[in-house]
Amino acid sequence: MTNPLAGRRIVITAGPTLEAIDPVRFISNRSSGKQGYAIAEACAVLGANVVLVSGPTALNDPAGVETIRIESARDMLAAVEGALPADVFIAVAAVADWRPAEAHDKKIKGNKGEMAALPLVENPDILKTISQRTEARPGLVIGFAAETHDVEDHARQKLGRKGCDWIIANDVSGDVMGGDENAVAIVSRDDVWRSQRTSKSEIARLIAGRIADAVEETC
Ligand code: C5P
């Protein structure tokens, strides 16, 4: 079938989130957005109606994908919830776990030589929030795990903690971050599927294909 995801709606998060400290400063995570954008595009090529909710990246909007640009984790969650209902939700974003307790509306002036404390509060866990929805939970909820060791063990633990259906685990002990290649393991409750090490765009096509097979059965 050339368009196995036709008629399916897929919501994807990608990139970092950016949490304001004041008008000129923020805290964030390192994330190029490349893998999430590639997955969004690969799903669109298979005919899906794709909404990409992206933090700030240097990438162009992927072809054939509705792209919503946000900055903070809270805005990312609101945009994802606004894009539901969907058949599939894929959390690829490197969401900042914490944000400053207060975003100052004027630039904070520090005294030289004096360290300012920066109180932080926890951000919402977007993947967990969507996984645990009782209403309009997507039939297939997918998270990512970047690990440096015991990749599949950690992925399985994360499946339980987040309540999602798949964890796509990648080993980031090499040069995956910001690079163009990746290798992943798709871990579900009763199965593991391992890819070769290949380009992020080929990984995205493989993932889109696995999703197409799974929605046939689950959604
Ligand atoms: O807990 P950890 O950050 O390792 O989990 C990674 C997975 O959870 C990724 O799929 C990421 O997009 C998602 N996540 C999220 N919201 C957070 C933290 C992580 O959606 N606040």
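**Entry 1: the ligand**

A polar contact here is a pair of N or O atoms within 3.5 Å. I keep that cut-off at hand for the ligand. The model is predicted, and I read every value below with that in mind.

I began with Leu127. A backbone N or O atom of Leu127 lies 2.9 Å from an oxygen atom of the ligand. That pair is a polar contact, because 2.9 Å falls within 3.5 Å.

Next I checked Ile126. Here the ligand uses a nitrogen atom, and a polar backbone atom of Ile126 is 3.0 Å from it.

Then I turned to a side chain. An N or O atom in the side chain of Lys158 is 2.4 Å from an oxygen atom of the ligand. How much of the ligand does the protein cover? I found 81% of the 450 Å² of accessible area that the ligand has on its own.

I also looked up where the ligand sits. The space it takes is the largest pocket.

**Entry 2: the shell around the ligand**

I listed the surroundings. There are 13 residues around the ligand. Which of them come nearest? They are Ala91, Ala93, Leu127, Phe144 and Lys158. I had already met two of these names: Leu127 through a backbone atom and Lys158 through its side chain.

I sorted the shell by residue class. Eight of its residues are nonpolar, four are charged and one is polar.

I then asked which elements supply it. H3, E9 and H4 each give at least two residues to the shell. For my own orientation, H3 spans 126–131, E9 spans 140–147 and H4 spans 151–162.

**Entry 3: backbone oddities**

I went through the backbone next. Most residues other than glycine have a negative phi, and most peptide bonds are trans. I noted three places that depart from this pattern.

The peptide bond from Leu84 to Pro85 is cis, and its omega is near 5 degrees. I placed Pro85 in the loop that runs between helix H2 (73–83) and strand E6 (88–91).

Ala136 is not a glycine, yet it has a positive phi of about 55 degrees. I found Ala136 in the loop between helix H3 and strand E9. Is Ala136 buried or partly exposed? Its relative accessible area is 38%, so it counts as partly exposed.

Asp150 also has a positive phi, of about 45 degrees, and is not a glycine. Its loop joins E9 to helix H4.

**Entry 4: the end of E9**

I stayed with strand E9 and picked Glu147. Its relative accessibility is 13%. Glu147 counts as buried because that value is under 20%.

What does the side chain of Glu147 contact? I found a polar contact with the side chain of His154, at 3.4 Å.

**Entry 5: helix H2**

I looked up Val80, which belongs to helix H2. Its relative accessible area is 0%, so Val80 is buried.

I followed Val80 to a residue further along the chain. Ile130 is 50 residues away in sequence, and the two C-alpha atoms are separated by 8.6 Å.

**Entry 6: helix H5**

Helix H5 covers residues 200–218. I took three of its residues in turn.

Ala204 is found in H5. With a relative accessible area of 0%, Ala204 is buried. I then checked its distance to Tyr37. The pair is 167 residues apart in sequence, and 8.8 Å apart from C-alpha to C-alpha.

Ile207 lies in H5 as well. Its relative accessible area is 0%, so I logged Ile207 as buried. Ile186 stands 21 residues from Ile207 along the chain, and their C-alpha atoms are separated by 8.5 Å.

Arg210 is the third H5 residue on my list. Why did I log Arg210 as partly exposed? Its relative accessible area is 28%, and partly exposed runs between 20% and 50%.

How far is Arg210 from Gly110 in space? I found 52 Å from C-alpha to C-alpha, with their positions 100 residues apart in sequence.

Notes:
Residues are numbered from 1 along each chain as its sequence is written. This is a predicted model: local features need pLDDT of at least 70, side-chain atom pairs count only at pLDDT 80 or more; totals for chains, interfaces and linings use all residues. Side-chain values use heavy atoms; hydrogens and water are left out. Helices (H or I, at least four residues) and strands (E, at least two) are DSSP runs, numbered from the N terminus. Buried means under 20% relative accessible area, exposed over 50%, partly exposed in between (1.4 Å probe, protein chains only). A residue is near a molecule or strand if one of its heavy atoms lies within 4 Å of it. A polar contact is a pair of N or O atoms within 3.5 Å; within protein, one must be able to donate a hydrogen and the other to accept it, and residues adjacent in sequence count only if both atoms are side-chain atoms. Accessible areas come from the Shrake-Rupley method with a 1.4 Å probe; for residues, only the protein chains shown count as cover. On a 1 Å grid over the protein atoms alone, a cavity is a set of points where a 1.4 Å probe fits but cannot get out, and a pocket is an open set with protein on both sides within 12 Å along at least five of seven lines; lining residues have an atom within 4 Å of a point. A molecule sits in a cavity or pocket if more than half of its atoms lie within 2 Å of its grid points. Ala, Val, Leu, Ile, Met, Phe, Trp, Tyr, Cys and Pro count as nonpolar, Asp, Glu, Lys and Arg as charged, and the others, Gly among them, as polar.
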